[in-house]
Amino acid sequence: MKRIILKYKSIIAYLFFGVLTTLINWGSYFLCYNIVHIPNVPSTIIAWILAVAFAFITNKIWVFDSKSFDGKTLIHEIWTFTAARLATGFLDVGIMFLTVDIMGWNSTVWKLISNILVIILNYILSKLIIFKKENSDKSH
């Protein structure tokens, strides 16, 4: 069992922190949109900012084991992480705008669907570009 956990550590950690990130995103969106009555798109942007800040820290340290804080590595990781998250953030906003504001569909259902797509894309981008193995090797 230990061997399986070690083999799939990054996927297990990503799923765990992905769930927490999604809860932060979804919870803050719900609070902004349904409780505070901030319009849909600004609520989505606020939720995205909070989720991205949490995700960077957890992905860097615990998911992809990038322990290096030297300037070059950190700048690369922050830059590529932010760029990737901006791309998937725009996808999230676009989905929410189209489905909720234009189509009038259920915001909760579409926030969940949007987050699932974003999580999958974010893992692929993080694994292949942001925290790829050669960057992690520099930090050990």
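**Figure 1. Helices, and no strands, make up this predicted model.** Count along the chain and you get six helices and zero strands. Written out in sequence order, that gives the pattern α-α-α-α-α-α.

**Figure 2. Here's how much room the chain takes up.** Lined up along its principal axes, the box that holds the C-alpha atoms is roughly 50 × 40 × 20 Å. The radius of gyration is 16 Å, which agrees with the value near 14 Å for a compact globule of 140 residues.

**Figure 3. A look at what's inside and what's on the outside.** Out of 140 residues, 39% count as buried. The chain exposes about 8300 Å², and 78% of that comes from carbon and sulfur atoms. As for contacts, take those between residues at least 6 apart in sequence: 68% of them join residues at least 24 apart.

**Figure 4. Where do the charges sit on average?** The chain carries 13 positive and 7 negative charges, and the mean positions of the two groups are 9 Å apart.

**Figure 5. Zooming in on Lys-67, a loop residue.** You'll find Lys-67 between helix H3 (40–63) and helix H4 (71–102). Is this lysine buried or exposed? Lys-67 counts as partly exposed because its relative accessibility is 39%, which falls between the 20% and 50% cut-offs.

**Figure 6. Who keeps Lys-67 company?** A polar atom of the Lys-67 side chain lies 2.7 Å from the backbone oxygen of Ile-61. Ser-10 is 57 residues away from Lys-67 along the chain, and their C-alpha atoms are separated by 14 Å.

Notes: Residues are numbered from 1 along each chain as its sequence is written. This is a predicted model: local features need pLDDT of at least 70, side-chain atom pairs count only at pLDDT 80 or more; totals for chains, interfaces and linings use all residues. Side-chain values use heavy atoms; hydrogens and water are left out. Helices (H or I, at least four residues) and strands (E, at least two) are DSSP runs, numbered from the N terminus. The radius of gyration is taken over C-alpha atoms; the globule rule is 2.2 Å times the number of residues to the power 0.38. Buried means under 20% relative accessible area, exposed over 50%, partly exposed in between (1.4 Å probe, protein chains only). Contact means heavy atoms within 4.5 Å. Accessible areas come from the Shrake-Rupley method with a 1.4 Å probe; for residues, only the protein chains shown count as cover. Lys and Arg count as positive and Asp and Glu as negative; His and the chain ends are not counted. The place of a charge is taken as NZ of Lys, CZ of Arg, CG of Asp or CD of Glu. A polar contact is a pair of N or O atoms within 3.5 Å; within protein, one must be able to donate a hydrogen and the other to accept it, and residues adjacent in sequence count only if both atoms are side-chain atoms.
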